[in-house]
Amino acid sequence: MKKTFIILAFAGLLFGAGACNNTAQKDAKETAKPKGKYYCTMHPEVTADKPGTCSKCGMDLVERDTK
């Protein structure tokens, strides 16, 4: 009986870890999508819909290549 419980508990941990991993991968894919037409080359997470400067380093934002 104890062996069955241990096996079921271990299987639950494996399936639980797999579910958490899928959520992390989904969030990473959503984060990777470009959000603005212009971005900072040093800080790609800083984006804008119009030309400007980076809020972190002050560099000019460059237009994203839309191929």
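This briefing covers the fold, core, cysteines and salt bridges of one chain.

The model is predicted. The chain holds one helix and three strands. Their order from the N terminus is α-β-β-β. Of its 67 residues, 9% count as buried. The cysteines form zero disulfides by the distance rule used here, and the salt bridges come to two.

**Overall layout**

- The chain exposes about 5900 Å². Carbon and sulfur atoms supply 62% of that area.
- Take the contacts between residues at least 6 apart in sequence: 19% of them join residues at least 24 apart.
- Helix α1 spans residues 2-32. A loop then links α1 to β1, and K37 sits in that loop.

**The sheet**

- The three strands form an open sheet. Their order across the sheet is β2-β1-β3, and the pairing is antiparallel.
- The edge strands are β2 (47-48) and β3 (62-63). Each of these two pairs on one side only.
- Strand β1 covers residues 38-39 and is joined to β2 by two bridges.
- Y39 has T47 in β2 as its bridge partner.
- Strands of a sheet pair through backbone hydrogen bonds, in either a parallel or an antiparallel way.

**The nonpolar core**

- The largest nonpolar core has five residues: Y38, C40, V46, C54 and L61.
- Nonpolar side chains tend to be buried together in soluble globular proteins.
- C40, one of the core residues, is buried, with a relative accessible area of 0%.
- Y38 is another core member. Beyond its neighbours within four places in sequence, Y38 is in contact with V46, T47, A48, D49, K50, P51, L61, V62 and E63.
- Two of the Y38 contacts, V46 and L61, also belong to the core.

**The cysteines**

- The disulfide count is zero. C40 is in no disulfide, and its nearest cysteine sulfur, that of C54, is 3.6 Å away.
- C57 is in no disulfide either; here too the nearest cysteine sulfur is that of C54, 3.7 Å away.
- These spacings explain the zero count, because a disulfide needs two cysteine sulfur atoms within 2.5 Å.
- C57 is located in the loop between β2 and β3. C57 counts as partly exposed, at 36% relative accessibility.
- C57 and C40 are 17 residues apart in sequence. Their C-alpha atoms are 8.8 Å apart.
- Outside its neighbours within four places in sequence, C57 is in contact with C40 and H43.

**Salt bridges**

- Two salt bridges are counted. Side chains of opposite charge can pair when their charged atoms come close.
- K37 and E63 form one of them, at 3.5 Å from N to O. K37 lies in the loop between α1 and β1 and E63 in strand β3, so this pair ties together parts that are 26 residues apart in sequence.
- Both ends of that pair are partly exposed: K37 has a relative accessible area of 42%, and E63 is at 48% relative accessibility.
- K56 and E45 also meet in a salt bridge, at 2.6 Å from N to O. K56 is in the loop between β2 and β3 and E45 in the loop between β1 and β2, so the pair ties together parts that are eleven residues apart in sequence.
- K56 and E45 are each exposed.

**Two loop positions**

- G36 is in the loop between α1 and β1. G36 counts as buried, at 8% relative accessibility.
- Leaving out neighbours within four places in sequence, G36 is in contact with T47, A48, D49 and R64.
- G36 and R64 are 28 residues apart in sequence, yet 8.0 Å apart in space, C-alpha to C-alpha.
- S55 is in the loop between β2 and β3. S55 counts as exposed, at 68% relative accessibility.
- S55 and H43 are twelve residues apart in sequence and 9.4 Å apart between C-alpha atoms.

Technical notes:
Residues numbered from 1 in each chain as written. Predicted model: local features only at pLDDT ≥ 70, side-chain atom pairs only at ≥ 80, totals over all residues. Heavy atoms only, no water. Helix = DSSP H or I, 4+ residues; strand = E, 2+ residues; numbered from the N terminus. Buried < 20%, exposed > 50% of the residue type's maximum accessible area, 1.4 Å probe, protein only. Contact = heavy atoms within 4.5 Å. Areas by Shrake-Rupley, 256 points an atom, 1.4 Å probe, with all protein chains shown as cover. Pairing = 2+ DSSP bridges. Salt bridge = Lys/Arg side-chain N within 4 Å of Asp/Glu carboxyl O. Core = buried A, V, L, I, M, F, W, Y, C linked by side-chain atoms within 4.5 Å.
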